[in-house]
Every structure is written in structure tokens, then in C-alpha cells.
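Student: I would like to go through the reasoning behind some labels used for this model. Could we take them one at a time?

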Amino acid sequence: MKQKWTVFLLSSLLCGSSTVLADKAILAGGCFWCMESDFEKLGGVTDVVSGFTGGTLNNPTYNGDHTGHYESVEITYDPNKVSYKELLDYYWVNIDPFDDRGQFCDKGHSYLSAIFVANDKERKIAEESKREVEAQFPDQKVVTPILAATTFYPIKGNESYHQDYYKNNPVRYKFYRWNCGRDQRLKQIWGEKATH
């Protein structure tokens with residue numbers, strides 16, 4: 001009996017420690033193919049899932065109705081390797097924080113940028129992060145909002161091809177990204193800080 005109890009305690013500790021080492025963040029920055037591609041390159045990030053959040057409609061779909069939702073990514077990361085603040089620093093240099101109509105060539109509500117915070121601690125970090133960006137660009141209005149996190153709906157079913165699109169369709173993805181002017185605009189805003 002003592003041995004079983006020891007095994008149970010050890011497995012509980014191991015399972016518990018793995019959840020401590022994995023946090024999630026939800027960010028919107030226009031095309032989720034691009035956000036997924038960008039964040040999967042960041043050290044400490046273990047998974048990036050494309051989907052929708054921010055709206056009231058249940059089970060939004062890409063080809064159907066996603067009214068009120070933002071194209072977004074759910075990022076799973078190891079906080080011992082990359083902090084939430086570092087995620088946000090990386091986020092800013094991968095979006096156009098001044099575009100109130102969408103991101104790059106994609107316009108409309110679903111392509112707007114936004115930071116979705118899960119709690120007061122994340123909100124405080126996000127607000128400070130936004131103030132830092134505003135201080136860098138005193139003559140421009142940073143329009144990216146900080147919003148309370150709502151249900152995140154991963155892309156699924158017959159629309160699952162959107163997950164890892166950049167890996168599975170590299171030529172189409174690169175053409176789309178170049179044609180959309182994303183990297184050119186990022187370099188124009190952020191210079192050498194841009195990650196591409």
C-alpha cells in the first residue's frame with residue numbers, strides 16, 4: 001500500500017509540475033497563418049493554435065459565420081523560458097499597432113489586432129507593454145486594444161487545413177505573405193526590431 005501511495009504522489013507531482021510549466025496567451029494580429037508562423041519561431045513557445053475569439057457567436061467557422069470574432073492564436077509557452085512580457089514584446093514587432101481597419105492587406109473586424117488577457121496580472125503587463133510602444137511612437141495612435149479573454153475556438157473539422165498552413169503549403173503561404181506586404185510594413189515600422 002505504501003508503494004502505491006508513493007507512486008501516486010510522484011505522478012501527481014510530475015503531472016502538476018508540467019501544468020505549472022505551461023501557460024497560454026491569446027493574441028490577434030491579422031492573418032492567423034502568419035501569427036502561427038511567427039510565434040512558432042519564438043524560443044519557449046511549445047504550441048500555437050489558430051482560431052477565433054472575442055465574439056459572442058458559438059463555434060465560429062472560417063468559411064461560415066465568425067461575426068464579431070478576431071482571427072487569433074492560442075500560444076502555449078513555458079514561462080521558465082519566455083515570459084508573458086517577452087511574448088508581448090515579440091507580438092508588437094509582428095503587428096501594425098496603428099491600423100484600425102485590420103492588418104496589412106487584410107481589412108475588416110476579424111483581422112484587427114488585440115491582446116486578450118486572462119487576469120489582472122496579464123492586464124497590468126499588457127498595459128505597461130502598450131505604454132512602452134506608445135512612448136516609442138508619440139506622434140501616432142496605438143489602436144491595438146487590451147480585452148478580457150473569452151472562449152477561444154480552434155479551427156477544426158474540414159477547416160483544419162488552416163492549422164500549420166505555412167508548413168503544409170509553404171509556396172502559397174510565402175506568396176500570400178509577400179503579396180500582402182506584411183514584412184515590408186513591419187520593417188517600415190520597427191526597422192531592425194522586426195523579426196523577418
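Student: What makes Tyr 176 count as buried or exposed?

Tutor: The model is predicted, and the areas are computed from it. Tyr 176 has a relative accessible area of 18%. Buried means under 20%, so Tyr 176 is buried.

Student: How do you know which label Trp 33 gets, buried or exposed?

Tutor: The relative accessible area of Trp 33 is 13%. That value is also under 20%, so Trp 33 is buried. Across the protein, buried residues make up 46% of the 196 residues.

Student: How many aromatic pairs are there in the whole structure?

Tutor: A search finds 10 aromatic pairs. One of them joins Trp 33 and Tyr 176.

Student: Why is the pair of Trp 33 and Tyr 176 given its label, stacked or edge-to-face?

Tutor: A pair of aromatic rings is described by the distance of the centres and the angle of the planes. Here the centres are 5.5 Å apart, and the limit for a pair is 6.5 Å. The planes stand at 80°; over 60 degrees counts as edge-to-face, so the pair is edge-to-face.

Student: What parts does the pair tie together?

Tutor: Trp 33 lies in helix H2 (residues 32-39) and Tyr 176 in helix H6 (residues 170-180), so the pair ties together parts that are 143 residues apart in sequence. The protein has 7 helices and 8 strands.

Student: Which residues do ring pairs link into a cluster?

Tutor: Phe 32, Phe 52 and Tyr 62 are linked into a cluster by ring pairs.

Terms used
Residues are numbered from 1 along each chain as its sequence is written. This is a predicted model: local features need pLDDT of at least 70, side-chain atom pairs count only at pLDDT 80 or more; totals for chains, interfaces and linings use all residues. Side-chain values use heavy atoms; hydrogens and water are left out. Helices (H or I, at least four residues) and strands (E, at least two) are DSSP runs, numbered from the N terminus. Buried means under 20% relative accessible area, exposed over 50%, partly exposed in between (1.4 Å probe, protein chains only). Rings of Phe, Tyr and Trp (its six-membered ring) pair if their centres lie within 6.5 Å; planes under 30 degrees apart count as stacked, over 60 as edge-to-face and the rest as tilted.
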